[in-house]
Each structure stands twice: as structure tokens, then as C-alpha cells.
Amino acid sequence: MRDAYRKNYFDTNLLFIIFLFMIISCFSIYSSEKYLPDPPNHYAFKQVRWYFIGIVLSACVYVLDFEQIKKISLFSYVSGILILIALHFAPESIAHKIKGAKSWFSVPGFWLYSAFRVYENIFNIFLAKIIVDHNKKYVDRSLKTDFRLIFKVFSATSIPLGLILLQPDAGTGMVIMVILIGMLFLSGIHWKIVGLLGVLGSSILGVLVLIYTKAPDLLLLFLDKYQLERIHSWLDPFQYKGDIGYQLSQSILAIGSGTMYGKGYYSGQVYIPEAHSDFIFTTIGEEYGFLGGSVVITLYFILIYRIVAIALLNKGSYENLIAAGVVSMLTFHIFENIGMVMGLVPITGIPLPLLSYGGSSILGTLIALSLILNISAKTKKYMFEQDSTRDL
């Protein structure tokens, strides 16, 4: 009889927030087009096209059962690696180098990012499968089985991470690592191992900072010259404002000039290169000020909160691990992008989810959120259940 009181839980609040971001994005991109050298470029209308394509692809993902998603995760993982290998060896006629990185495939009619953003989702669902399968096999946990799990996930991470860093694309590489860390926290490994990994990560970061302060040229062993110059310009953008620090220094000036309430829609006056793309938050900060920027950040906070709430309502470990990966990915994207346009963190070329112009970013984010909506739709709520997460 209990099934008679059971109902599906579809999070319409999350869907509403997604559409709000779509509207904000199109208006902000349209306003940013005035900075482009040869208007009109119609990026706002192109963004609508990407949203439409993303919604269609998301609908295809939405109808899949998570058992089906789990079964195709290995095939998707291998296919993604083959695409990354093809990108690495592709001639520059079809895979141009942009800012020192070969990150794009040239497709007639439009540009398609080399599956990096979409691959974040592929990596997410495959890593969740590894963890779930391991936990089913080793019900009685021990430090030995936990270290075995860590070996599995790091082995699965090393191949795509290495191929991505070869481009080089440090930003996407960091996203992959953040997804890995987020999932490991929910994998059930012993807290001693979590602490050990935390100490190890902090130590590596400390060594890198020490190397930069004492012998920065040593960083060229795993960074290219452009990335190292990015770090220099981040630490002192106005010293390099005539060169590589120009974009960041202009962004800081634009956001600062927006003061509390901004200059008004389409009233931005500070020129920002690529304002419609990775620096879309600069346009929002200048035109709507601190208040408008705070509203956008609050919407992102609500977006993350809804994803966490959906995960807490769901009882499936595979779905919850996917949700953890999506939360980790989006949180890092948001923090890194907004932080970099204000000079708080180095510029990495990571787009702002749902707001920045770009097909790959839109497709990757909408597919990730369709997985979350899929989780919410498959979650069952009972009329008289006592679970405290019910009203989240």
C-alpha cells in the first residue's frame, strides 16, 4: 500500500534557475558585443542556438536510466580518450593552436571545443562506476582495499589528465582533479587516507609556491612560457597592462567602476577583450555593480544548493557520486572564473557555467545538469516519510 503514496520528485526549482541563467547570459552577451572589433557578430543569437542544441542533447541524457548510463560509461571513457589522442596528433589545419594550446577542432560552419568540457561529464560517470563497483566488491572495508580504490581512480585519471596537460590545458586538468577529489570524499575511504592526501596536496602546493619565489623558471618543466607569464600578470596585472596583463587590468577597472549599482544595461565603457566569453562576469559587474554581481553569485549558490538537496534525497550511491562530481565541477568553474576576472586567482580560460558564450561550455554544463534533473525525477518521495531531507 505504501507505493500508493509514492510520487516522483522532479526539481522544477532547479529547472527555473537554469532558465534564469539562460536569460541573463543572452542579455549580457548582447551587451558585450559592443566591445568586439567588427560588430555585429550576433553572439547572443548564436548562444540561443547552443542552448537549443544543449536542451535537445540533455533531453536524450534525461531519458536514460542510470543503469544504462553506467553500462556505457566505459565506452564513453575510451571514446573520449581516443578523441583526445586524435586532437594531439591532428594537423593544425583542423586543430589550430590558440594561446599555445591545441584545444579546438575546426568543423565547417562553427568551432567545436575538443570535447574537454563534455569529457568532464564522461570522466564523472566513469569514475563513479569505478567507485561503486569497488565498494560492492569490498563490503568489508580496510586500509588495503581503500588504497586499492585510490590506485584504481588515479589510474583512470592519469591517462586523460596527461593528454589534457599535453595540449596544454591546465584549467581543464584542474577540473578533472577537482572532480576526483570530490568523489573520493564520498567514496567511503578512511579519514586517515583523506588526511594523508590533504597533507600531500598541501605540500605539493607549498613546494610550487617556493619554486616560484626562488626559481620560477623551473616551472617551465611542466608549464609553457605563456602559462608562466599568466602567473606573473596575475600577481601584478597593472605592471603588465601593456601586454599579457591588459585583459585582467581592464577587467579590474571595469568591475571597480561599476561601484554599487552599476552603470546600467549596455552602458559599459571599459573595453574588455573577449568580454562575451570567459569575462562575461566583468560585463555584469560593470553594468549592474556590486548588487548585480551579488545576485548572480546568489543564483549560483542556490543552484549548488539544489543539486546537494537532490543528492541527499536520493538513495543510490552511483547517482550521489555523479552529483558529487557535478557539484565539484560547477563549484570550481564558478569560483575560478569569478575569481580570475577580479584578480583573485590566475587566469586559466575556464568559462562561467551557463553564462559565458561557447558551445562546448553550454553543452557540457547542460548535460551535467540534465544528469541532476534525471536523478531528481527518479527519486521517490513518500507522503509520510520521516526523512529530514524531505523539505530541502
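Which residue caps the N-terminal end of α1? In this predicted model, the cap is Asp11, with a side-chain oxygen 3.1 Å from the backbone nitrogen of Asn13. That little contact is a friendly place to begin a walk through the structure.

**The whole protein**

The protein has 392 residues, and 50% of them count as buried. Its secondary structure comes to twelve helices and six strands. Among contacts with a separation of 6 or more, 69% join residues 24 or more positions apart. On the outside, about 19,200 Å² is exposed, and carbon and sulfur atoms supply 70% of that area.

**Helix α1**

Beyond its Asp11 cap, helix α1 covers residues 12-32, which makes 21 residues. From first C-alpha to last, α1 reaches 30 Å, close to the 30 Å expected at 1.5 Å a residue. Its buried residues include Leu14, Ile17, Ile18, Phe21, Met22 and Ile29, and also Ser25, Cys26, Ser28, Ser31 and Ser32. Three helices receive this buried set: α2, α10 and α12.

Here are those packing partners, with their residue ranges.

| Helix packed against α1 | Residues |
|---|---|
| α2 | 43-62 |
| α10 | 280-313 |
| α12 | 359-378 |

**Ser370 in α12**

One of these partners, α12, holds Ser370. Is Ser370 buried or exposed? Ser370 counts as buried because its relative accessibility is 4%, and the cut-off for buried is under 20%. The side chain of Ser370 reaches the backbone oxygen of Ile367 at 2.6 Å. Leaving aside residues up to four places away in sequence, Ser370 touches Ser58, Val61 and Tyr62.

**The second largest pocket**

Val61, a contact of Ser370, also lines the second largest pocket, and so does Ile367, whose backbone oxygen the Ser370 side chain reaches. The volume of this pocket is about 300 Å³. Besides Val61 and Ile367, the lining includes Leu57, Leu64, Ile69, Ile72, Ser76 and Val118, together with Asn121, Ile122, Ile125 and Leu371.

Which helix gives the most to this lining? That is α4, with four residues. Helices α2, α3 (66-89), α4 (116-137) and α12 each supply at least two lining residues.

To draw the threads together, α2 and α12 pack against the buried residues of α1, and α2 and α12 also contribute to the lining of the second largest pocket.

Notes: Residues numbered from 1 in each chain as written. Predicted model: local features only at pLDDT ≥ 70, side-chain atom pairs only at ≥ 80, totals over all residues. Heavy atoms only, no water. Expected span 1.5 Å × (residues − 1). Buried < 20%, exposed > 50% of the residue type's maximum accessible area, 1.4 Å probe, protein only. Contact = heavy atoms within 4.5 Å. Polar contact = N/O pair within 3.5 Å; in protein donor to acceptor, adjacent residues only side chain to side chain. Areas by Shrake-Rupley, 256 points an atom, 1.4 Å probe, with all protein chains shown as cover. 1 Å grid on protein atoms, 1.4 Å probe; cavity = no way out; pocket = protein on both sides within 12 Å on 5 of 7 lines; lining within 4 Å. Points joined across faces, edges and corners; volume = space filled by probe spheres on them.
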